[in-house]
Structures are given as C-alpha cells and as structure tokens.
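The following exercises are to be worked with the sequence and the coordinates at hand. Each task is followed by a solution in steps.

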Amino acid sequence: MSISLLLHPLSPHIPPASSPSASAAGNHHRRILSLAETCSDMSQLKQLHAFTLRTTYPDEPATLFLYGKILQLSSSFSNVNYAFRVFDSIENHSSFMWNTLIRACAHDVSRKEEAFLLYRKMLERGESAPDKHTFPFVLKACAYIFGLSEGKQVHCQVVKHGFSGDVYVNNGLIHFYGSCGCLDLARKVFDEMPERSLVSWNSMIDALVRVGEYDSALQLFRKMQRSFEPDGYTMQSVLSACAGLGSLSLGTWSHAFLLRNCDVDVAMDVLIMNSLIDMYCKCGSLRMAGQVFQGMQKRDLASWNAMILGFATHGRAEEALDCFDRMVKEGKNVKPNSVTFVALLIACNHRGLVNKGRQYFDTMVRDYGIEPALEHYGCIIDLVARAGYITEAIDMVMSMPMKPDAVIWRSLLDACSKKGASVELSEEIARNIIGTKEDSQSSNGNCSGAYVLLSRVYASASRWNDVGIVRKLMSDHGIRKEPGCSSIEINGISHEFFAGDTSHPQTKQIYQQLKVIDDRLRSIGYLPDRSQAPLVDATNDGSKEYSLRLHSERLAIAFGLISLPPQTPIRIFKNLRVCSDCHEVTKLISKVFNTEIIVRDRVRFHHFKDGSCSCLDYW
C-alpha cells in the first residue's frame with residue numbers, strides 16, 4: 001500500500017492532554033518509521049513529515065529519531081534546502097542530525113564551505129559532541145575547497161576529542177592532507193595509525209599519485225598486497241601511476257589483474273575504463289586505448305575527453321575531431337566542457353590546423369557559452385604563432401582578459417626561433433619571461449627555457465657572439481640548462497639516460513651501438529644540424545656534433561636496439577621537446593634498422609616508422 005493511501009485522510013491530531021500509553025505511542029512511531037522506509041520521492045516525504053507533525057509529541061526521543069530520519073531522507077533526495085528547514089524546526093539536535101546535514105553539504109558541490117560552518121556551529125552550540133562520523137564529512141569538504149587551515153583546525157579537534165586512533169577518521173585526514181598537497185602530513189598520519197584498512201592504503205597511494213610520486217605509490221601498492229587485495233579504487237590510482245611513469249608493462253598487468261580478479265561491474269566501471277584509456281594513451285598504445293573505448297557499454301564526458309585528448313597528443317588530429325563529432329551526435333546527455341575544447345585545440349595545434357582551431361575557439365564561446373581560460377588562450381596562441389602568424393598571436397596576448405603566463409611567452413619565443421622572426425621582437429618577448437615570478441616557479445628558480453630559446457634565435461641568425469653572451473649570462477646568474485632525460489622500459493624495468501650519460505652498466509655496448517648507428521647514417525648521407533646545439537662553443541664544430549650524438553633519446557634508442565628483439569617497437573619517454581636533429585636521426589634509424597620508435601616528449605607523441613614521423617615534421 002502506498003504512503004499516500006495510508007496518510008489520506010490524515011489521522012486526527014492527538015491532543016497533548018490525552019497522552020497515549022507507551023505501548024500505543026511506540027507502535028505509532030514504528031508505523032511511521034516503516035512508512036519512511038518506503039518513501040521514494042520528496043512528495044511522499046513531505047506527506048510523512050506533515051503526518052509526523054500532527055500525530056506525535058515533539059519532545060519524545062522517538063519523535064526526535066523520526067525527525068532525524070526525515071532529515072536523512074530529504075538529504076538523500078538531494079533536497080538540502082528542505083533538510084535545512086527540517087533541521088531549523090528542531091530545538092534539540094542530536095549528533096546524528098548534525099552529521100546528516102554536514103554530510104549533505106559535504107556531498108553538494110555548491111555547499112562544501114557550509115559543511116565546515118555547520119561543524120563550527122555544532123561546536124559553538126554544544127548540544128552534542130562530534131563523533132567519529134562527524135570528522136570524515138567535514139574533512140571531505142575541507143579537502144574539496146583546499147581549506148588547509150580549516151582542516152588543520154579539525155585535526156586539532158580530532159585529537160582533543162580522542163579520535164586520533166580511529167581508522168575512519170584517520171582515513172579522512174590522509175585524504176584531506178593528500179588533496180591539499182601536504183604529503184608529509186598525510187604520510188605522518190598513515191605511519192602513526194595503530195591499524196589500517198584498505199581505504200587507508202588507497203588514500204595514501206592516491207595522495208602519492210596526486211603529487212607525482214608515482215614510484216613511491218607503486219612501492220606502497222606492493223606493500224599493501226601483503227595485507228589486502230586491491231579493489232577498483234586501488235587500481236585507479238595504480239593506473240594513474242603507470243600513466244605518469246609511462247609504464248606500459250605494469251599498466252597492461254593492471255588491466256589483466258582487473259579482468260582476472262575483479263567482478264564484471266568493477267572491471268567495466270566507467271571510472272576504471274576511463275583510467276585505462278588515459279593510461280594506454282599516455283603509455284603510447286593508442287590502439288589499446290581505442291579498444292577499451294570501443295568496448296565500453298556506457299561512456300561519460302570524461303571517456304570522450306580522454307579519447308579526444310589521446311588522439312590529439314598522438315598527432316591524430318582528424319580522428320580527434322571525428323571523435324568530437326561522434327560525441328556530439330551519439331553522446332546522450334553529454335555536453336562538451338572546457339576540457340573538451342582544450343583537447344580539440346591541442347589536436348589542431350599538433351597538425352597546424354589554424355582555421356579549425358579558430359572555429360573551435362569561437363564555437364566554444366558562441367555555442368556552448370564557455371568562458372576561455374588561460375589554457376585555451378595558451379593553445380590558440382601557440383597554434384597561430386607556430387603557423388607563422390606571430391603578429392596575430394601577439395595581438396591575442398595583448399587582448400587577453402587575464403595576464404599571460406611565462407608558458408605563453410615561451411611559446412611565442414619558440415615560434416620566433418622557428419619562423420625567422422626579427423631578433424628584436426624575440427628579445428622583447430624574452431624580456432617578458434626572464435625574471436617573472438611564473439617562470440621562476442616553473443623552472444625551479446631559473447629561466448633556462450627562455451635563455452635557450454633566445455640562444456636558438458641568435459644561432460638561426462648566425463649571431464654566434466650573442467649566443468656566447470647568452471651562455472655567459474646563464475653562467476653568471478647560476479642558471480643551468482635543464483638536462484635532457486629519456487627513459488625506456490625493458491622487461492618491466494625502467495632505464496633512465498641523461499645527455500652524455502656513462503653510468504649505465506651496459507655503457508660500453510650502448511656506445512658501440514651508437515657508433516654503428518652513426519656509421520650507418522653517414523653512409524646514407526646524414527649530416528648533423530649543428531644549430532641544435534647553440535650552447536656548445538660556436539668555434540668547435542666537432543664538439544657540437546659530439547654533443548648532438550649524445551642526446552639522451554639517442555642513448556635510449558641505442559639501448560633499445562641492443563636489448564629488444566628485432567622489429568620490436570621501441571618506446572622512449574623524454575622530458576624535453578625533441579630537437580630537429582634528433583627528430584631527423586630517429587626517422588632515419590626507424591628506416592635503416594626497420595623498427596618502429598615511439599617517443600613521448602614534453603608535449604606530444606611522435607611515431608617514427610619507415611623513415612617518417614606521425615607529426616609530418618610539424619611539432
């Protein structure tokens with residue numbers, strides 16, 4: 001029987017003078033509670049609330065329990081405003097009532113700050129003390145708003161009320177500190193826990209992944225397996241760590257683990273599948289990412305965004321734009337957001353599709369009402385500048401509603417160095433970078449990127465004296481060029497190489513292979529592009545050539561050739577953009593040694609095969 005039939009007509013109001021027996025009152029409260037269990041929407045809940053007000057005594061403990069249940073149901077139906085009205089109508093609030101409303105606010109994106117304010121009001125009124133259920137809700141809200149000061153105050157209250165040993169509360173603290181980037185405090189809470197649950201391990205692993213400590217996260221994952229079986233949340237963090245490290249072997253193992261050990265609902269969960277797409281894209285296997293995407297029974301916006309961005313970073317601009325068109329046509333209730341358009345602009349940028357990029361930028365604003373953020377301006381400015389429209393790019397910078405950051409200025413300077421802009425213009429742009437707060441933060445206290453780009457401008461203009469002056473300025477100010485570093489994974493083990501590295505146990509064999517590569521390339525007419533080593537003494541061409549042949553990716557490629565079976569794809573991950581000379585060399589190696597080479601540099605993937613690159617020499 002429905003609630004509406006039971007409550008209509010409403011039972012007569014029980015006058016206060018005619019107090020029913022305890023047994024009758026108990027039966028009546030139990031009847032209302034059973035009706036509450038069958039409530040399915042706000043309309044029924046409001047009828048139940050009215051029935052409770054008319055037929056119960058407000059001060060009875062059982063009635064207060066009913067009000068708590070009504071409060072909980074209104075929160076579960078996402079009607080937080082009604083929950084507040086119910087809460088405000090009650091004189092004496094239990095901890096359960098406070099917790100229910102705090103939790104409702106913590107789960108509502110627009111009310112996160114209210115969760116902490118409610119908690120503070122709870123302490124001020126002193127009606128009931130916070131318990132172990134209160135703190136996790138408040139900490140979750142503090143984590144969302146990055147309220148480090150507020151969260152630390154909550155931590156003090158945790159200690160004051162004697163909950164510093166509670167697993168549930170400590171899990172909330174780890175998540176809070178991890179979300180705020182305070183890894184040392186998160187680790188301290190974790191290490192001092194008297195006992196840990198699976199959630200404790202998951203929270204700590206996630207905290208490590210958030211700050212880019214991928215190796216540490218995977219080490220902790222291995223320790224966790226001694227005590228607990230990983231679940232879907234664990235594997236999401238592991239997949240993110242694999243993506244950050246570019247570890248395809250461990251990422252593939254994680255995928256197999258999910259299929260083998262988790263039930264179908266977990267293995268096919270949208271969040272898990274999105275993590276798999278992201279991992280495969282970032283590890284260089286676009287084919288596997290596509291298979292996961294195509295096999296998804298349900299997709300959300302993040303699924304489409306991950307696939308569009310995957311195509312974009314691999315230089316597959318046409319597929320990225322087609323994927324967007326499919327999303328718009330097929331994606332039910334899926335509307336593109338700012339992330340979608342960043343991915344589309346990146347796709348256009350990597351293929352030089354200037355007109356398409358302009359169209360998407362306009363569409364974003366005109367058709368979807370999305371206000372361009374710094375990332376969007378950065379993409380469109382880099383796109384038009386690298387295509388040679390430097391004046392247009394500068395006009396965009398001047399008309400931006402926000403202050404351009406050092407990244408935007410560097411992209412302009414990079415375009416100047418490649419498109420033969422005047423030295424005077426390049427110098428003016430460089431002055432906007434050097435010494436800025438943003439550049440100092442992004443370069444660990446130096447402006448090496450700006451100096452190196454400026455030196456390339458001078459080198460392109462054959463102004464070698466100015467190249468020397470730049471080098472001296474860097475030396476005088478203690479600024480060092482960021483060293484190139486490349487890694488390659490062989491049999492699940494990552495090997496790292498720096499430019500000119502001689503620390504690897506197989507250095508002798510690697511350098512022998514480099515000589516073989518040099519001899520083979522020279523036999524087909526290869527000549528090095530010495531302009532790509534402008535910080536090497538301009539008078540010493542031999543030093544320039546030697547510097548180029550010892551770039552980190554060449555060492556990694558040589559190691560791959562001697563370590564992997566013939567024709568096995570070689571996957572390289574590099575921290576800097578590939579220089580023109582190394583790009584040409586890698587194309588030739590792919591042809592001469594008949595092997596596919598996949599290189600992920602700072603901004604994109606290059607797929608080298610049969611003497612050509614997927615970027616079509618535009619990067």
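**Exercise 1.** Determine which residues D501 touches, leaving aside those up to four places away in sequence, in this predicted model.

*Solution.* Step 1: with sequence neighbours up to four places away excluded, D501 touches E496, Y511 and L555. Step 2: D501 itself is placed in the loop that runs between β2 (493–498) and α30 (507–523).

**Exercise 2.** Establish whether D501 is buried or exposed, and what its side chain meets.

*Solution.* Step 1: D501 is buried. Step 2: a salt bridge requires a separation within 4 Å. The nearest side chain of opposite charge, that of K574, is 12 Å away, and D501 has no salt bridge. Step 3: the side chain of D501 does make a polar contact of 2.6 Å with the side chain of S503.

**Exercise 3.** Give the strand order of the six-stranded sheet and identify the strands at its edges.

*Solution.* Step 1: the open sheet has the order β2-β1-β3-β4-β5-β6, with mixed pairing. Step 2: β2 and β6 (612–613) each have a single partner strand, so these edge strands both have one side without a neighbour in the sheet. Step 3: within the sheet, β3 (residues 570–574) and β4 (residues 597–600) run parallel and are joined by four bridges. I572 has V599 of β4 as its bridge partner.

**Exercise 4.** Describe two of the spans that the unreviewed UniProt entry annotates as "repeat: PPR".

*Solution.* Step 1: the annotated spans include 197–227 and 269–299. Step 2: residues 197–227 are 77% helix and 0% strand, with end C-alpha atoms 9 Å apart. Step 3: for residues 269–299, the values are 71% helix, 0% strand and 10 Å between the end C-alpha atoms.

Notes. Residues are numbered from 1 along each chain as its sequence is written. This is a predicted model: local features need pLDDT of at least 70, side-chain atom pairs count only at pLDDT 80 or more; totals for chains, interfaces and linings use all residues. Side-chain values use heavy atoms; hydrogens and water are left out. Helices (H or I, at least four residues) and strands (E, at least two) are DSSP runs, numbered from the N terminus. Buried means under 20% relative accessible area, exposed over 50%, partly exposed in between (1.4 Å probe, protein chains only). Lys and Arg count as positive and Asp and Glu as negative; His and the chain ends are not counted. A polar contact is a pair of N or O atoms within 3.5 Å; within protein, one must be able to donate a hydrogen and the other to accept it, and residues adjacent in sequence count only if both atoms are side-chain atoms. Contact means heavy atoms within 4.5 Å. UniProt positions are given in the numbering used here, feature names are shortened, and annotations may be inferred rather than shown by experiment. Two strands pair if DSSP finds at least two bridges between them.
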